[in-house]
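Please open the structure in a viewer and keep the sequence panel in view. The tour below proceeds by selection, stating at each stop what is to be found there.

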Amino acid sequence: MKKLENIYLIGLMGVGKTTIGKQLAKALQRPFYDSDKVIEDSMGVDIPTIFSYEGEEGFRLREQAVIQQLTALPGIVMATGGGSVIKAENREALKASGFVVYLHCSIDKILYRTRHDTQRPLLRTDNPRQRLQSLLVAREPLYMACADFKIDSGSLPGKTVVKTILQQYRAALEQHESIAS
Ligand SMILES: Nc1ncnc2c1ncn2[C@@H]1O[C@H](COP(=O)(O)OP(=O)(O)OP(=O)(O)O)[C@@H](O)[C@H]1O
Ligand SMILES: O=C(O)C1=C[C@@H](O)[C@@H](O)[C@H](O)C1
Ligand SMILES: [Mg+2]
C-alpha cells in the first residue's frame with residue numbers, strides 16, 4: 001500500500017516548490033529538503049556548473065540518486081527539481097512513498113517570477129517562453145501520473161496554497177487510515 005508519511009512537491013521550475021515546501025515543513029514541524037540544494041551541497045557547486053561539466057544527463061543521474069535517498073527518509077517535506085519526474089524510477093519512488101502535490105501556474109507567471117534568475121540552465125535560451133511551453137507539454141502527463149493533488153500556485157497567495165495542501169493531506173491521511181484499519 002502507498003505510504004503517505006512524506007509530502008513531495010513537483011512541477012515546473014519557478015512554480016514555487018521551494019517556497020511552498022519550506023512553509024509546509026514549518027507548519028508540520030517536519031524536516032525540509034530541496035533535492036536541487038542537496039545535489040548542490042554534495043557537489044559544492046551550483047546547478048549551472050554541474051550542467052556545464054556533466055551535461056543534463058550527468059545532472060539527471062545525480063538527481064536520481066538523491067531522489068532515491070530522500071524518498072527513503074521518514075516524515076519529510078521535499079521540494080523536487082522541475083525535471084525529477086522524467087525518470088520512471090523517480091516517479092515510482094515518489095508515488096510509493098508520499099503524498100505528491102503538483103504545483104502549476106501559467107507560463108507568464110513563471111517567466112515573471114524567474115525574470116532575474118541565473119540558476120536555471122534550461123531557461124538560458126533565446127526563447128524561454130517556448131522552452132517552458134515545450135517542457136510543460138512533455139512533462140504535464142508525467143506530473144499528473146505522480147500527483148495525488150494538483151493546485152494552482154500562480155493565482156493564489158502562498159498562505160492559501162499551504163493551507164489547502166494541508167487540508168488535502170490531512171483528508172488523505174484520514175482516508176488512508178480508515179482503509180488500513
Ligand atoms: N505563491 C507565490 N506568490 C508569489 N510569488 C511566489 C509564490 N511562490 C513562489 N514565489 C516566488 O517565485 C519564485 C520561484 O519560486 P521557487 O524558487 O519556490 O520555485 P521552484 O518551483 O522551487 O523553482 P525550481 O524548480 O527552479 O527550483 C521565487 O522568487 C518565489 O519568491
Ligand atoms: O526543470 C528542470 O529540468 C530543472 C529544474 C530545476 O529545479 C533544476 O533541477 C534544474 O535546473 C533542472
Ligand atoms: Mg526550487
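Select helices H2 and H3 first; in this predicted model, H2 covers residues 35-43 and H3 covers residues 47-71. Their axes lie 9 Å apart and meet at an angle of about 115 degrees. Angles of 65 to 115 degrees count as roughly perpendicular, and H2 and H3 are therefore described as roughly perpendicular to each other. Viewed as a crossing, H2 passes H3 in a right-handed sense. To display the contact, show the side chains of Ser35, Asp36, Val38, Ile39, Glu40 and Met43 on H2, together with Ile47, Ile50, Arg62, Glu63, Val66, Ile67 and Leu70 on H3. Coloured by class, the residues of this contact comprise 8 nonpolar, 1 polar and 4 charged.

Keep H3 selected and add helix H4, residues 88-97. Here the packing angle is about 15 degrees, and the axes are 10 Å apart. Angles under 35 degrees count as roughly parallel, so H3 and H4 are roughly parallel to each other. The crossing of H3 and H4 is left-handed. On H3, the residues to display are Gln64, Ile67, Gln68 and Thr71; on H4, they are Glu89, Asn90, Ala93, Leu94 and Ser97. This contact holds 3 nonpolar, 5 polar and 1 charged residue. Ile67 of H3 deserves a label, as Ile67 takes part both in the contact with H2 and in the contact with H4.

Next, select helix H1 (17-28) and helix H7 (158-180). How are H1 and H7 oriented to each other? Their axes are 10 Å apart, at an angle of about 55 degrees, and the two helices are therefore oblique to each other. H1 passes H7 in a right-handed crossing. In H1, pick Thr19, Ile20, Gln23, Leu24 and Ala27, which meet Gly158, Val161, Val162, Ile165 and Leu166 in H7. The class division of this contact is 7 nonpolar, 3 polar and no charged residues.

With H1 and H7 still displayed, turn to ligand 1. Each of these two helices supplies at least two residues of the shell around ligand 1, and H1 provides the largest share, 3 residues. Of the 16 residues around this ligand, those that come nearest are Met13, Gly16, Lys17, Thr18 and Thr19. By class, the shell contains 4 nonpolar, 8 polar and 4 charged residues. Thr19 links two stops of the tour: Thr19 belongs to the contact of H1 with H7 and is also among the residues nearest ligand 1.

Now centre the view on ligand 2. Which residues lie around ligand 2? They are Met13, Asp36, Ile47, Gly81, Gly82, Gly83, Arg120, Pro121 and Leu122. This shell divides into 4 nonpolar, 3 polar and 2 charged residues. Asp36 and Ile47 have already appeared in the contact of H2 with H3, while Met13 was named at ligand 1.

Finally, clear the selections and show the whole chain as a cartoon. The secondary structure consists of 7 helices and 5 strands, and from the N terminus the elements follow the order β-α-β-α-α-β-α-β-α-α-β-α. Along its principal axes, the C-alpha trace spans about 55 × 35 × 30 Å. The radius of gyration is 16 Å, which agrees with the value near 16 Å expected of a compact globule with 181 residues.

Note on methods. Residues are numbered from 1 along each chain as its sequence is written. Chains are lettered from A and ligands numbered from 1 in the order in which they are written. This is a predicted model: local features need pLDDT of at least 70, side-chain atom pairs count only at pLDDT 80 or more; totals for chains, interfaces and linings use all residues. Axes are lines fitted to C-alpha atoms, for helices over the stretch in contact, and angles run from 0 to 180 degrees between N-to-C directions. Helices (H or I, at least four residues) and strands (E, at least two) are DSSP runs, numbered from the N terminus. Angles under 35 degrees count as roughly parallel, over 145 as roughly antiparallel, 65 to 115 as roughly perpendicular and the rest as oblique. A crossing is left-handed if the near helix is turned anticlockwise from the far one by less than a right angle, and right-handed if clockwise. Two residues are in contact if their C-beta atoms, placed from the backbone, lie within 7 Å. Ala, Val, Leu, Ile, Met, Phe, Trp, Tyr, Cys and Pro count as nonpolar, Asp, Glu, Lys and Arg as charged, and the others, Gly among them, as polar. A residue is near a molecule or strand if its C-beta atom, placed from the backbone, lies within 6 Å of it. The radius of gyration is taken over C-alpha atoms; the globule rule is 2.2 Å times the number of residues to the power 0.38.
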